Amino acid sequence: MSARTELMVTSQDEWRIANKLCKQLRHANMNASNTVIVTVSTDYSSMIGQYLRHQLSHGGEICDGFGVDVPYPDQGFDEGFARNARTMFDMHADAVTGKTLLLVEAGVIRGSNYATLVSLIRDYFGAVPVKTLAMHENVGSRFKSDFVGEYYDDATHDLTFWWEQPNNHWRTT
């Protein structure tokens, strides 16, 4: 098997994909009147989450939104992460009522965090509508997002954003 090559996401790529996804969301009639943006992995996804909150403004109102952190690949989605997520949902329960939750991620690699978070939301809130968005999604992800900016293959490419610094949680050796 050959070595994976870096798939560098430039700042221009981020804006291009963010605008593409914004058009898809508007076409799906998602806006501040019916959507709450949940930025997942705030250390990676804050740019797209904040941008969409503003771009989907409606009637002079910005989309409600908040962030939820999930584990790095070398961590498990344990009770601590689940408790923190539930706390954030409790804090924003009024904003969620009667709206669709749009989970927003910069990169969905394996899909396990999205799968676990969606399950947690459904167990916690019941029938609240949930949609998912990924700027980049691995073709081999077990979770398939509702809105995807671009697909890539994690077997051959290492998804890397222009602003990333070395991160001990991503070490594979």
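The paragraphs below lead through this predicted model from its central sheet to its cores, its cysteines and two loop residues.

Residues are numbered from 1 along each chain as its sequence is written, and side-chain values use heavy atoms, with hydrogens and water left out. Since the model is predicted, local features need pLDDT of at least 70 and side-chain atom pairs count only at pLDDT 80 or more, whereas totals for chains, interfaces and linings use all residues.

The sheet is a convenient place to begin. It is an open sheet of five strands in the order 3-2-4-5-6, with parallel pairing; helices (H or I, at least four residues) and strands (E, at least two) are DSSP runs numbered from the N terminus, and two strands pair if DSSP finds at least two bridges between them. Strand 3 and strand 6 stand at the edges with a single partner strand each, so one side of each is left without a neighbour in the sheet. Neighbouring strands of this sheet are turned against each other by 20 degrees on average, direction ignored, where axes are lines fitted to C-alpha atoms, for helices over the stretch in contact, and angles run from 0 to 180 degrees between N-to-C directions.

Strand 2 (residues 35–40) has partners on both sides in that order. Five parallel bridges join strand 2 to strand 4 (residues 100–108), with isoleucine 37 standing opposite leucine 102, and five bridges join strand 2 to strand 3 (residues 64–68), again in parallel, with phenylalanine 66 as the bridge partner of valine 38. From strand 2 the chain crosses through helix 2 (residues 42–55) to strand 3 in a right-handed β-α-β crossover, which is to say that, with the strands pointing away from the viewer, the path from the first strand over the helix to the second runs clockwise. Further along the sheet, strand 5 and strand 6 pair in the parallel sense over five bridges, and asparagine 138 has tyrosine 152 in strand 6 as its bridge partner.

Why is strand 2 largely enclosed by the rest of the structure? Six of its six residues are buried, so the strand is largely enclosed; buried means under 20% relative accessible area, exposed over 50%, and partly exposed in between, with a 1.4 Å probe and protein chains only. Thr35, Ile37 and Thr39 point one way from the strand, while Val36, Val38 and Val40 point the other way, and all are buried. Valine 36, with a relative accessible area of 1%, touches residues that include Phe66, Val96, Leu101 and Leu102, not counting those up to four places away in sequence; contact here means heavy atoms within 4.5 Å.

Two helices lie across these strands. Helix 1 lies across strand 4, strand 5 and strand 6, at about 140 degrees to strand 6, and helix 2 lies across strand 2, strand 3, strand 4 and strand 5, at about 160 degrees to strand 2.

In soluble globular proteins, nonpolar side chains tend to be buried together. A nonpolar core is a set of buried Ala, Val, Leu, Ile, Met, Phe, Trp, Tyr and Cys residues joined through side-chain atoms within 4.5 Å, and among the 25 residues of the largest one, Leu25, Leu52, Leu102 and Leu133 touch the most other members. Helix 1 (11–27), helix 2, strand 4, strand 5 (130–138), strand 6 (147–152) and strand 7 (157–161) each supply at least two residues of this core, and helix 1 gives the most, with five. Leaving aside neighbours within four places in sequence, leucine 25 is in contact with Met30, Leu52, Leu56, Leu102, Leu133 and Phe147. A second, separate core of 22 residues includes Val68, Phe89, Ile121 and Val128.

The structure holds zero disulfides, a disulfide being a pair of cysteine sulfur atoms within 2.5 Å. The sulfur of cysteine 22 is 9.4 Å from the closest cysteine sulfur, that of cysteine 63, which is too far for a bond. Cysteine 22 is buried at a relative accessible area of 2%, and cysteine 63 is buried at 0%.

Two loop residues complete the account. Asparagine 29, in the loop between helix 1 and strand 2, has a positive phi of about 60 degrees although it is not a glycine, and asparagine 29 is exposed, with a relative accessible area of 52%. Serine 41, in the loop between strand 2 and helix 2, has a positive phi near 60 degrees, but serine 41 counts as buried at 10% relative accessibility.
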